[in-house]
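Read this with the structure open beside the text. The paragraphs go from strands to rings and end at a single residue.

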Amino acid sequence: MWWLLLFLPVCRGAQSPDTFTLSVPDGPLSVWMGSSVILPCSLSPAFTASLKVRWHRPDKYKTPVLLYEKQQIQQQPADSQYRGRVSLMGELEKGNVSLKLENVSLADTGEFVCFVAGDKWYEKASVHLIVKVMGSPPVLSVTVGGSGQVNVTCVSDGWSPKPTLTWRNNRGALIPSQSHHSATDARGLVSVTSWLLHSSSDSEWVACSVGLSEEERKESRVLPHTSKTGTVELERILRDRDAEMENLKQKSKGLWKEVFISGLVLLLLSSIATGLILYKKGFIKWKDSKETAAESQQDKLRASGGETESLLKKQSEEVETLKKEVETLKEKNTDLLKKQSEEVETVKKEVETLNQKITGLQSQLDTSDKEVERLNRQIKDEGKNLEGKVNDIEKENQELKQQNKGLQSQLDTSKREVERLNHEIKGLQSQLDTSNREVERLNRQIKDEGKNLEGKVNDIEKENQELKQQNKGAFPHNHGLVMLWKTVKHFKRDLTMDEASVKGNLEVHTRGKNVKCTKVNKDETQNNMSAYVLCKETFHSGQHFWEVKAEKKKFWFVGVCSDTLREQHGVSLTPQNGCWLLCYDDEQKVLYVNTDQKITSVQEKMKYRVDQLGVFLDCCRHSLTFYNCDDKSWLCTICDVGPTLPLVPVFSPGERDLYDLQIMN
């Protein structure tokens, strides 16, 4: 079958990949506020000019952070808050579509979406960003808690994200605390607060540490001791005793007032009763200006007799009753006075006891003040020594900082280099995995196509044997042409013209199978290449064959072009603009391709007029071959057809006659 290859021109070209993947980091990225950060995103296989890159927040697709389209960054409709702060890292041709974000703020915390789209495919992946802010050093305060304990409080604010807070003693051991609270302000910064009860101590300190990690922490220390503990306790005891004494005084005043009033009432009643008795017995007489009237009245009383005696008897009984009541009140007052005296004695004893306790506490307080003064002097002396040591340590720290600056710079450079290499390794690994999958798919496809071709070769050999028997007198080259014709016929496609793509004075009818000129142009010098129509079908891969009938036509051209020609007008139909055509000119009696280079083998066949043309498109080899369907002969082949773009069949009946150019079923 080697002679069959003479009629199959081979044109090599790269096939576009069918699948794409995006690679982003698995976990979130952390960055300090005000610095710059790179959000990694790599494309595999490599980037092509027709792709679009869109970085956006999850809820702001229409106002992206950055939009790359038509081979440049678009200023609209980008989000204004990212204008001037974002850019692509470059090396798009290698698939690097990472985003660089400068001057990071708290508002940038959250998810960023990397969205890459082609003509018929898109993919997206998310990168999470955490913006870090170092808060203030912890502020510690100590207050009295009672029972020999103090309340130590720790406060720190201005953190992002929420930090961790831990307590530890001077031995480095952690101190558990259940009282942790946090709050977020209007700017999104977090403040944390914690407190614990700790035994008072003059020598052992406690420390509060707040931070985002072990390397990013701030710590403060405090002695859990207050010199005013004794004074506060004493003042509290004195206040309690003063209140108790005041209650006793108020109670005593109330009792003495009751006793005094009761005595006055008894004295008044006793005086009245005594006066009545003395008056009754005649020991008391009133000597006044009314004495004569009284005597006359007395005569009248004597006259009344028993009436006056009855009144006096009644008054006597009342006086006796009052005496008994006075005696009863005296007894009650005596008991009350006795009880009050006992209570007063008890209060006196308690006051003496309290005075003794106060004297002891005052002595302890004086001793504590002396101890505090001694400790203060000792602290001052130790402070002077520590100040000298701190100065020496600060000098050593300055020297170490100068030495560490160079090392830190080298370390930062090494870290960035390691991160860059890690990103490249991930991208290469992703590309390698994709390539391996593509190789496996192609191997399976090759095996499947090999089986199909093997079957087709067997069918062709059988047909060859049959044709040899039927055409024993035919020429060898004619026999090969017949076999080639039968091969390409296996790839025949049913095409339909797209009426919306018509250019020039043309009309499409018969359900998209026929096209003709609606107005004949008699000027034969005018260019006929401006009137054409495209098909609805487009081809990205594989082999395709169709037939065109051009009977009685004075001019026509048939071929393929880039699908982008649908949206363009006034474009020259040349291979440089994505058009590959075979043209016929009845006036010059020639067939030619649209490069204006005459084809000798075609001109020799003009004595056999081409009324029905066959077109064979091989997307794998990027070739376009034309046949004469009347005698099944090969006309010509064009190579390097559409190496990267999807292709669409194109037809033109010309403008010199009214005959149809027809797609054959």
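What follows is a walk through a predicted model.

The sheet is the place to start. Strands of a sheet pair through backbone hydrogen bonds, in either the parallel or the antiparallel sense. Here six strands make up an open sheet, with the order S2-S11-S10-S5-S6-S7 and mixed pairing. Its edges are strand S2 (29-32) and strand S7 (72-74), each of which pairs on one side only. From one strand to the next, the twist averages 25 degrees.

At the S2 edge, the neighbour is strand S11, residues 122-132, and the two strands pair in the parallel sense over four bridges. Within this pairing, Trp 32 stands opposite Lys 132 of S11. The side chains of these two residues also meet: Lys 132 lies over the face of Trp 32, at 4.5 Å from the ring centre. A charge over a ring is found again at Tyr 61, where Arg 54 lies over the face at 4.2 Å from the ring centre. Tyr 61 also belongs to an aromatic cluster, together with Phe 115 and Tyr 122.

Further along the chain there is a hairpin. Strand S20 (residues 506-509) pairs with strand S21 (residues 514-517) in the antiparallel sense, over four bridges. One of the bridges joins Leu 506 to its partner in S21, Cys 517. Four residues lie between the two strands of the hairpin, and Thr 510 takes a positive phi near 55 degrees. S21 has a second partner, strand S31 (residues 661-664), and this pairing is antiparallel as well, over two bridges. There Asn 514 has Gln 662 of S31 as its bridge partner.

The aromatic rings come next. How many aromatic pairs does the count come to? The count is seven aromatic pairs. Among them are Phe 539 and Trp 546, whose ring centres are 6.2 Å apart with the planes at 20 degrees. Planes under 30 degrees apart count as stacked, so the pair of Phe 539 and Trp 546 is stacked. Both Phe 539 and Trp 546 are buried.

Trp 556 and Tyr 584 form another stacked aromatic pair, with 5.8 Å from centre to centre and 25 degrees between the planes. Trp 556 sits in strand S24 (residues 555-562) and Tyr 584 in strand S25 (residues 579-585), so this pair ties together parts that are 28 residues apart in sequence. Are these two residues buried or exposed? The cut-off for buried is a relative accessible area under 20%. Trp 556 has a relative accessible area of 2% and is therefore buried. Tyr 584, at 5%, is buried too.

The last stop is Ser 160. Where is Ser 160 found? Ser 160 is in the loop that runs between strand S13 (149-159) and strand S14 (164-169). Although this residue is in a loop, Ser 160 is buried, with a relative accessible area of 7%. A polar atom of the Ser 160 side chain lies 3.1 Å from the backbone oxygen of Val 131. Leaving aside residues up to four places away in sequence, Ser 160 touches Leu 106, Val 131, Lys 132, Val 133, Leu 189 and Leu 212. Lys 132 in that list brings the reader back to the sheet, since this is the residue of S11 that stands opposite Trp 32.

Notes: Residues numbered from 1 in each chain as written. Predicted model: local features only at pLDDT ≥ 70, side-chain atom pairs only at ≥ 80, totals over all residues. Heavy atoms only, no water. Buried < 20%, exposed > 50% of the residue type's maximum accessible area, 1.4 Å probe, protein only. Polar contact = N/O pair within 3.5 Å; in protein donor to acceptor, adjacent residues only side chain to side chain. Contact = heavy atoms within 4.5 Å. Pairing = 2+ DSSP bridges. Axes fitted to C-alpha atoms, helices over the stretch in contact; angles between N-to-C directions. Phe/Tyr/Trp six-rings, centres within 6.5 Å; stacked < 30°, edge-to-face > 60°. Lys NZ or Arg CZ within 6 Å of the ring centre and 35° of its normal.
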